[in-house]
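User: I am new to reading protein models. Can you take me through this one by question and answer?

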Amino acid sequence: MATTQSGKGTKTVFTLNTGDKMPGVGLGTWQSKPNEVREAVKNALLAGYRHIDTALAYGNESEVGQGIKDSGVPRSEIWITTKLDNPWHKRVPEGIDSSLKSLDTDYVDLYLMHWPSSTVPEDLKKHYDDWNFIDTWREMQKLVGTGKVRNIGVSNFVISNLEKLLNDPSCKIVPAVNQIEVHPNMPSPKTLQYCKEKGIHVTAYSCLGSTDSPLAHDKTLQSIAEAKGKTPQQVLLMWGLQRGTSVIPKSVTKSRIEANFQLDGWELTEDEIQKISSIPDRFKVCGDAWLPVKVFFNEEGDGGDVPSH
Ligand SMILES: NC(=O)c1ccc[n+]([C@@H]2O[C@H](COP(=O)([O-])OP(=O)(O)OC[C@H]3O[C@@H](n4cnc5c(N)ncnc54)[C@H](OP(=O)(O)O)[C@@H]3O)[C@@H](O)[C@H]2O)c1
């Protein structure tokens, strides 16, 4: 089933290949410090967000769960995404149970394989000899139908790894989502096109360019933002949505959380989108040097794992 997009701005909804509807704008929570993320999640939900992105690896699922409770917004109205951590690939049932317990919820809307790296828990520099992401996906597929996950997907998958996964006979479920780094310095057009053809929705992470983003000072972006009376961050989010990706900006600052959700009643022209897509600099926030296995290659013609900024 193809993925589709409806609505605009904060009302953007992506219908996944399972038929489930995911809100287009979510709150990211990576690097949100302890004692910050609970408040951030509450503030986001009170500002109207209905999608929260977290991960076992972020060590903040309990606080995210508390923030959800604090908001008073019913669980049924909220899309929660969490992720299986690399050292848990051989322990998928334990991984989801751990996340559900921390989040204090019965199910997650989307469960992602965080990285295509099956890391040995006792030695994080080592990849298993007898296990890879295809084995992990086989286990994740078993979660569907348990009631614990509504959708399963992947993250940080390049085209060649998606090909390996989709072509394996054990792959019965096409990932609903591939969550990857996408911003004007890493626009990833080939991966977006490939995912579209396969019915895999793309969520753009580090959509603002992450911590200390150089994009905030980019001249092209600044002039478009000024002309529209918007902030560069609002323009970046709109660029992401209009390119067909969901966006999950992270902030722990109440005013920024609110500003990042002011995306209604305006949009970018094709020309503006094109100008932003043509910003020439390339960088990756999240490389693969820390993993025991390479996961990024030169598939976008950008040198593969291009240096972090
Ligand atoms: N799947 C993966 O491997 C993966 C990897 C990376 C990220 N992610 C997900 O994607 C989310 C977003 O990516 P990210 O955290 O790397 O970065 P991001 O959302 O691109 O940027 C976050 C940074 O921008 C700042 N910011 C937010 N809104 C702003 C505004 N309106 N004006 C100025 N600055 C603003 C934040 O500061 P304050 O917080 O101080 O306000 C923070 O420093 C993550 O939180 C995580 O949920 C997933």
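Analyst: The turns below go from the sheet to one strand, then to single residues and the ligand. This is a predicted model, where local features need pLDDT of at least 70, side-chain atom pairs count only at pLDDT 80 or more, and totals for chains, interfaces and linings use all residues. Residues are numbered from 1 along each chain as its sequence is written.

User: Which strands are the edge strands of the open sheet?

Analyst: Helices (H or I, at least four residues) and strands (E, at least two) are DSSP runs, numbered from the N terminus. Two strands pair if DSSP finds at least two bridges between them. The open sheet has 7 strands with parallel pairing, in the order 4-5-6-7-8-9-10. An edge strand pairs on one side only, and here these are strand 4 and strand 10 (246–247).

User: Which residue in strand 5 stands opposite Asp53?

Analyst: Strand 4 and strand 5 (residues 79–84) are parallel and share 3 bridges. Opposite Asp53 stands Thr81.

User: Which residue of strand 8 stands opposite Val154?

Analyst: Strand 7 is joined in parallel to strand 6 (residues 110–113) by 3 bridges. Leu112 stands opposite Gly153 of strand 7. Strand 7 also pairs with strand 8 (residues 177–181), again in the parallel sense, over 2 bridges. There, the residue opposite Val154 is Asn178.

User: Which residues of strand 7 point the other way from Ile152 and Val154?

Analyst: In a regular strand, side chains alternate between the two faces of the sheet. In strand 7 (residues 152–155), all are buried (20 or more other C-beta atoms within 10 Å of their own, with C-beta atoms placed from the backbone). Ile152 and Val154 point one way, and the other way point Gly153 and Ser155.

User: Through which helix does the chain cross from strand 7 to strand 8?

Analyst: Strand 6, helix 4 (residues 133–141) and strand 7 form a right-handed β-α-β unit. Right-handed means that, with the strands pointing away from the viewer, the path from the first strand over the helix to the second runs clockwise. The crossover from strand 7 to strand 8 is right-handed too, and it passes through helix 5 (residues 159–167).

User: Why does Tyr58 count as buried?

Analyst: UniProt lists Tyr58 under "active site" in an unreviewed entry. Such annotations may be inferred rather than shown by experiment; feature names are shortened, and positions follow the numbering used here. Tyr58 sits in the loop between strand 4 (51–53) and helix 2 (61–71). Tyr58 counts as buried because its C-beta neighbours inside 10 Å number 20.

User: Which residues is Tyr58 in contact with, leaving aside neighbours within four places in sequence?

Analyst: Contact means C-beta atoms, placed from the backbone, within 7 Å. With neighbours within four places set aside, the contacts of Tyr58 are Thr29 and Trp30.

User: Is Asp212 buried or exposed?

Analyst: Asp212 lies in the loop between strand 9 (201–205) and helix 7 (219–228). Its phi is positive, about 55°, although Asp212 is not a glycine. A residue with 12 or fewer other C-beta atoms within 10 Å is exposed, and one in between that and buried is partly exposed. Asp212 has 7 such atoms, so it is exposed.

User: How many residues of the shell around the ligand are charged?

Analyst: A residue is near if its C-beta atom, placed from the backbone, lies within 6 Å. Of the 29 residues around the ligand, those that come nearest include Trp30 and Lys250. Ala, Val, Leu, Ile, Met, Phe, Trp, Tyr, Cys and Pro count as nonpolar, Asp, Glu, Lys and Arg as charged, and the others, Gly among them, as polar. The shell has 10 nonpolar and 16 polar residues, and the charged ones number 3.

Note on methods
Contact = placed C-beta atoms within 7 Å.
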